[in-house]
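Dear colleague,

Please find below the structure for your review. My notes on it follow directly after.

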Amino acid sequence: MKPGFSLDLARPSRRHWLGYLLLAPAVLLIGLIIVYPLIVSVDISFQNVTIARLDQARRPFTTANYERLFTSPDFWNAAWITLKLVVIVSLFCFLLGLGTALLVNNKFKGQSLARLLVALPWAVPEVIAVVIFAWMFDSSFGLMNWIFIKLGFIDTTVNWFSSPAAAFMVVCVTMIWKGYPFVSIMMLAGLQSIPEDFYNAARVDGANTWQRLVNITIPSLMPILGVTLVLVMLWVFRDFSIIYVLTGGGPLKATQTLSIMTYEQAFGFFKMGYASAIGVITLIVCIIASRLMMGRAPDNI
Amino acid sequence: MKRSLLHSTILYAAVIVACALLVFPIYWLFITAISPPDQLRVLPPRFWPEIPRWDVFGAVMRDRPILLWLGNSALAAIGSVILSMTVSVLAGYSLSRFRVRGGQSLGLFILTAKMLPATLLVIPLFGIFRTLDLIGSLWSIVLAHATLIIPFTTWMLKGYFDTIPRELEQAAMVDGCSPLGAMARVILPVSTPGLAATALYGFVLSWSDYAYARTFLTNAQTNWTANLGITTMKGEYISNWGDISAASILVALPVLVIYLFLERYLVGGLTAGAEK
């Protein structure tokens, strides 16, 4: 760095140029690998493209992909599956995550070890989580069949991956196990930011445990609760790896979410234009959801 | 506050049961790996093998190209972290310290980019990488993973720099440092914990990816990442769960170790560290 150049930038009137300079590499890179591809996506969603190559001539503009999409039962089925999955998985992630956070937020010996353990699944890569649950739900020697028979829920071994309802349940269980630690991590951070004084004051006033939970803990957690909820829902909404590796979207499209459908159309049938149209719809939903939470988002998430 | 004996017994019991239930799947993966194959397909299942098979990790590394896959994952992760950190340290600092026009909306855009569905971005990237002849090459993964990492790292670093008092670099500039010099000599050293946590988180994001590897690397087996390799083992006609579990542990281990370091940053928030 030449001294004259730096001195120049040190002058208050020029300082903002340094700001732009530092931002430039990121803007350039984001432009090349995120914004440009997004524009390409939207562009090919309006073309009848099979295999995307950018050096080919542009196909004529058409809205056929979107028309086909909205009249396709597969699309509505995938939207319904996605909605079901988002609601069920987010709900259980919340109950489990909040429950464990409240539990390990108590003071006890081994507290830090317990916190380390309950958040552990967060660190397990999704594909590895799938390996674990695919084996636990194995049709003949899986642990789950044995447990469920012992508990009397089922009479004989279930082939979890050939029944639509069972496969959907396995996907839910895997996603909940992988997803709840994020909720408990966030909730713990929220719980620890509540001043102890609030509780002491409430105790002096004679509030019991339940009243303290309802009147102090839950309201104080509300902002972080909202953000976490949106983040978890978006994660379930967009997830590809868990479902694709676990069931591939089957059986009978029982676990085919919008993400899986997008991927199947693009790389299974090479209908890139049609797939992009589904992807664009997904993106619009994501943007609306993230806009809703934007105003409340803490900086560090 | 003192707790009654009953109260603490219930508390400990609840904690132990919760931990046991939630960590059990990881334990089961481990047990599956070290059980001899003929003890896996038995009912009732064994919760501890009679003769643990500790050599399974060595065996699976000999039988399968696990080390090659792990190496590829490491190369991709290190490459994409270096790329992402380079641009996002500068950008995060700029967003934290300067009032640049459009900075606000860039920040919002970056936040939105975290919401991008991988299955959408993967389509145009596939087209772009085909045109550039990068399909099958680890470079495609380095670039694709940067799309996952940059939104996170930029935002985390901006937040981290926000917690560092401006007086620090103002003092350095009074002492004759240039703005860039003040950043490099004062702010970056103070930020080491934040930089490390952010970089490690980026590493985890890249290491855990499946979607991009599945799409861009399938035709060059020698360039497979570990996650992609594992799924091909699962897909075999009769899955050899012992080998898959052993390989899975090898793949999960690096991120589990990183998690042990990252945990306190996550729970304590990324806010501490500047005062030291």
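**Findings in the predicted model**

Helix H3 of chain B, spanning residues 66-97, contains Ser80(B). The model is a predicted one. Ser80(B) has a relative accessibility of 0% and therefore counts as buried. Its side chain reaches the backbone oxygen of Ala76(B) at 2.8 Å. Leaving out residues up to four places away in sequence, Ser80(B) touches Val142(B), His145(B), Ala146(B), Ile149(B) and Ser206(B).

A second buried polar side chain to inspect is that of Thr255(A), whose relative accessible area is 2%. Thr255(A) sits in the loop that runs between helix H11 (241-246) and helix H12 (258-268) of chain A. Which backbone oxygens does the side chain of Thr255(A) approach? One belongs to Gly249(A), reached at 3.1 Å; another is that of Gly250(A), which lies 2.6 Å from a polar atom of the Thr255(A) side chain. Both glycines also appear among the residues that Thr255(A) touches beyond four places in sequence, a list that further includes Ile81(A), Ala167(A), Phe168(A), Val171(A), Ile243(A), Thr247(A) and Ile260(A). With regard to sequence separation, Thr255(A) and Leu85(A) are 170 residues apart along the chain, while their C-alpha atoms are 8.7 Å apart in space.

**Contacts between the chains**

Helix H2 of chain A (residues 15-45) packs against helix H5 of chain B (residues 118-131) at an angle of about 95°, with the axes 8 Å apart. H2(A) is therefore roughly perpendicular to H5(B). By class, this contact has 13 nonpolar residues, one polar residue and no charged residues. On the side of H2(A) the participants are Ile33(A), Ile34(A), Tyr36(A), Pro37(A), Leu38(A), Val40(A), Ser41(A) and Ile44(A). They meet Leu120(B), Leu121(B), Ile123(B), Pro124(B), Leu125(B) and Ile128(B) in H5(B).

Ile128(A), in helix H6 of chain A, is buried, with a relative accessible area of 0%. Apart from its neighbours within four places in sequence, Ile128(A) is in contact with Leu29(B), Asn227(B), Ile230(B), Ser248(B), Val251(B) and Ala252(B). Within chain A, the C-alpha atoms of Ile128(A) and His16(A) are separated by 47 Å, with their positions 112 residues apart along the chain.

**Aromatic pairs**

How many aromatic pairs does the structure hold over all chains? The count is 35. In one of them, the rings of Trp122(A) and Tyr201(B) have centres 5.6 Å apart and planes at 5°, so this pair is stacked. The pair crosses between chains: Trp122(A) is in the loop between helix H5 (111-118) and helix H6 (126-136) of chain A, and Tyr201(B) is in helix H9 (residues 192-208) of chain B. Trp122(A) and Tyr201(B) are both buried.

The rings of Phe240(A) and Tyr210(B) also form a stacked pair, because their planes lie at 20°, under the cut-off of 30 degrees; the ring centres are 6.2 Å apart. Phe240(A) lies in the loop between helix H10 (209-238) and H11 of chain A, and Tyr210(B) in the loop between H9 and helix H10 (211-216) of chain B, so this pair joins two chains. Phe240(A) counts as buried at 3% relative accessibility, and Tyr210(B) at 4%. Both residues belong to a cluster linked by ring pairs, together with Tyr244(A), Tyr263(A), Phe267(A), Phe126(B), Phe129(B), Tyr212(B) and Phe216(B).

Kind regards

Note on methods
Residues are numbered from 1 along each chain as its sequence is written. Chains are lettered from A and ligands numbered from 1 in the order in which they are written. This is a predicted model: local features need pLDDT of at least 70, side-chain atom pairs count only at pLDDT 80 or more; totals for chains, interfaces and linings use all residues. Side-chain values use heavy atoms; hydrogens and water are left out. Helices (H or I, at least four residues) and strands (E, at least two) are DSSP runs, numbered from the N terminus. Buried means under 20% relative accessible area, exposed over 50%, partly exposed in between (1.4 Å probe, protein chains only). Contact means heavy atoms within 4.5 Å. A polar contact is a pair of N or O atoms within 3.5 Å; within protein, one must be able to donate a hydrogen and the other to accept it, and residues adjacent in sequence count only if both atoms are side-chain atoms. Axes are lines fitted to C-alpha atoms, for helices over the stretch in contact, and angles run from 0 to 180 degrees between N-to-C directions. Angles under 35 degrees count as roughly parallel, over 145 as roughly antiparallel, 65 to 115 as roughly perpendicular and the rest as oblique. Ala, Val, Leu, Ile, Met, Phe, Trp, Tyr, Cys and Pro count as nonpolar, Asp, Glu, Lys and Arg as charged, and the others, Gly among them, as polar. Rings of Phe, Tyr and Trp (its six-membered ring) pair if their centres lie within 6.5 Å; planes under 30 degrees apart count as stacked, over 60 as edge-to-face and the rest as tilted.
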